[in-house]
Amino acid sequence: MEGYHGKILHIDLTNRTTWVEDKPEVWYKTYIGGVSMAARLLWENIETGCDPLSPGNPICIANGIFAGTPVPVGGKYGLASKSPLTGYMGDSLSGSWFSVALKRTGWDGIVLHGASDSWVNVFVDDDRVRFRDAEKYLGMGTFETEESIREDLMDDQVRSATIGPAGENGVRFANVTNDGRQAGRTGHGAVWGAKKLKALSVRGTQGVTVADPETLMQMSFDITEAAQGPHTSKYRLLGTVTNVLNMNNLGLLPTRNYQEGVFEDAEMVSGEYLEEHHKVKKIACAQCPIACEQVSAANQGLYAGAMTGIEYECLFANGPNCGINDLNAIIKMIDTCDRGGMDAMSNGVTVSWAMESFERGVFTKEDFRCEKYPDGFEPYFGNAEAGVTLTEMIRDREGIGGLLSLGTKRASEQIDQERGTESTQWAMHIKGLENPGYDARGLKTFALGLAVGTRGGCHNRSAAYDPDIKGQVDRFSVDETRGRLAKSTEEYAAVYDTLPLCKFIRRCFTGKADRAGAWPAIAKLINATTGWDFDYDAVDLIGERAHTMKKAFNIREGWTREDDHLPYRWQHEPMTKGASAGHVVTDEELEYLKDLYYEAKGWTEEGLIPAEKLMELGMDDVAEEIGV
């Protein structure tokens, strides 16, 4: 089988044993790779209903079909476990050299079961597996751990996915990091920490074979050439941080815990300001001709020397959403997250919840006692030092950082139960995952996409903001088209997440980010890699199957229609400033949109999946378990 090895490696951390699972070609044609294959492996190997931090929750890694080939932006892998934030599907993507090294080991995926009784670094060296004592790496940051493992193994070709102190300490939004990239969101680092898995290292010496290398090479060259042109200029010049001023102008930039969509100091934290005053260099993932990541450094004050890659999502969360206008402090917060191994988006939104809770009297100064401030401090909006200190306290689970490490959903529910308060009304999450950097009160299609998302509040799994922002629909109203749009955009995104290909390449096939241009080209890439005969419709089914697999997992774990919700604030508190002022998503609108969406998906009124629908997608065994 070209493009794949046909084998999944299983590793039992409890007994320190391994076994090999051979998968048939039809299984690969159905699930392809990335988040779809990782989700399928999770479905097959988890103890249903288990606590996400228990040994029964496996770590499932699935490589991409194009990893190790010349295909641009194809060096990604998918990671899936039951999320300790949501209790539902936790799926993430990460790129760069780890996926290439994994492909060269001869495994298409790895499933780690059980839990170790001591801290371990699992080293997959081609077909050999070593369980290395990881005690010496405890307390190390993510980047430092990777470098230390390479030095100890005396080979710079070893690639590692690691956790930092946040994962060791059980922060529920801890990340897994490799090559400076994050398998972020949904709390994978906490799952690894619960298993005492400090790092998974891989070294591969095998080649990657494809069915039609000449076609694949020519197509890859053409796509790479297009990726150096105007279709990716936004990402190459400023990166995603260009969105700061764009969202501010639209009244969609989350400000002070989503109270408003306009930040008065947006210019001071914009991509343009970052480029002029803080940029160090631009870097790219493996197999990427775009190089979107803006490595930036704090250059003055308390935080001088902090340096990390800055994206829009982490900038909004730790900047405007906390009322902070000092990029030096924002860089420090994000750097602390990246080195500590935790999701900078969830961190910023959780810190902003704490800030609003302090300003509303839920918390007092004394609640924020810590080693640095024995008498406590006042984390009001705009207090940059408070933002940095809270980020460090969350990483270390120090003082109130232990509460905040639970994420906004659990933290707000716990404090409200203890103090009789109502902070859940400004806890900005969906299904337990903190929301992204687009205020959905002014994006009605995207509001639906977020509410029904299998992952929770996520901008990557639904592209439903596109028709809203581009003016294809009236973003302030609802109509009968929105269910189909939400379905179409999430399945469109799922194709890229399954291959996986970075979505920044989406205009490099024909100049348009649509199916008509991309799907024929993607089918040709798949066929040149594998020798299959995929066409437009087969590519389209990739996205539907991927999303359905994740939805089926959630249903089996107890999902109901009521779980497809929006934060209280977005439904009851209109913004007062900017282009999106005066709007909310009413209960009636949300229920109407959910009806339209379930209908478009071919599901029941309660959002359950008919067995017949699952069988049409070649998922007969799934139909037997959760089909209606």
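**Pockets, sheets and a buried serine**

The lining of the second largest pocket divides into 5 nonpolar, 3 polar and 4 charged residues. This is a predicted model, and the pocket is a good place to enter it. About 220 Å³ of space lies in this second largest pocket. Its lining is made up of Ala463, Asp466, Pro467, Lys470, Gln472, Leu485, Ser488, Thr489, Tyr492, Ala513, Asp514 and Arg515. Two helices, H18 (465-469) and H19 (482-498), each supply at least two of the lining residues. H19 gives the largest share, 4 residues.

Next comes enclosed space. Rolling a probe the size of a water molecule over the atoms shows where empty space is left. A search of the whole structure finds 1 cavity of 30 Å³ or more. The largest cavity has a volume of about 80 Å³. Its lining consists of Gly449, Leu450, Gly453, Thr454, Arg455, Gly456, Cys458, Arg461, Ser462, Glu490, His547 and Lys550. Helix H17 (444-451) and helix H21 (536-556) are the elements that give two or more residues to this lining. By type, the lining of the largest cavity holds 2 nonpolar, 6 polar and 4 charged residues.

Now turn to the sheets. One open sheet has 6 strands, in the order E2-E1-E6-E3-E4-E5, and its pairing is mixed. Which strands stand at its edges? They are strand E2 (17-22) and strand E5 (89-95). Each has a single partner strand, so one side of each is left without a neighbour in the sheet. Neighbouring strands of this sheet are turned by 20° against each other on average, direction ignored.

Look within this sheet at strand E1 (residues 7-12) and strand E6 (residues 109-113). These two run parallel and are joined by 5 bridges. Ile11 stands opposite Leu112 in E6. Helix H2 (residues 34-45) packs on the sheet. H2 touches E1, E2, strand E3 (59-63), strand E4 (76-82), E5 and E6. The direction of H2 makes about 30° with that of E4. Helix H3 (residues 97-105) also meets these strands, lying across E3, E4, E5 and E6. H3 runs at about 85° to E3.

Another open sheet has 3 strands. Their order is E13-E14-E15, and the pairing is antiparallel. Strand E13 (279-283) and strand E15 (307-310) are at the edges. Each of them has a single partner strand, so one side of each lacks a neighbour in the sheet. The twist from one strand to the next averages 30°.

Strand E14 (residues 293-297) pairs with E15 over 4 bridges, in the antiparallel sense. Gln294 stands opposite Ile310 in E15. Helix H12 (residues 327-340) packs on this sheet and touches E14 and E15. The direction of H12 makes about 95° with that of E15.

Finish with a single residue. Ser346 sits in helix H13 (residues 344-359). Is Ser346 buried or exposed? Its relative accessibility is 0%, so Ser346 counts as buried; the cut-off for buried is under 20%. What is Ser346 in contact with, leaving aside its neighbours within four places in sequence? The contacts are Leu85, Phe173, Arg185, Leu433 and Glu434.

How values were computed: Residues numbered from 1 in each chain as written. Predicted model: local features only at pLDDT ≥ 70, side-chain atom pairs only at ≥ 80, totals over all residues. Heavy atoms only, no water. 1 Å grid on protein atoms, 1.4 Å probe; cavity = no way out; pocket = protein on both sides within 12 Å on 5 of 7 lines; lining within 4 Å. Points joined across faces, edges and corners; volume = space filled by probe spheres on them. Nonpolar A, V, L, I, M, F, W, Y, C, P; charged D, E, K, R; others polar. Buried < 20%, exposed > 50% of the residue type's maximum accessible area, 1.4 Å probe, protein only. Contact = heavy atoms within 4.5 Å. Pairing = 2+ DSSP bridges. Axes fitted to C-alpha atoms, helices over the stretch in contact; angles between N-to-C directions.
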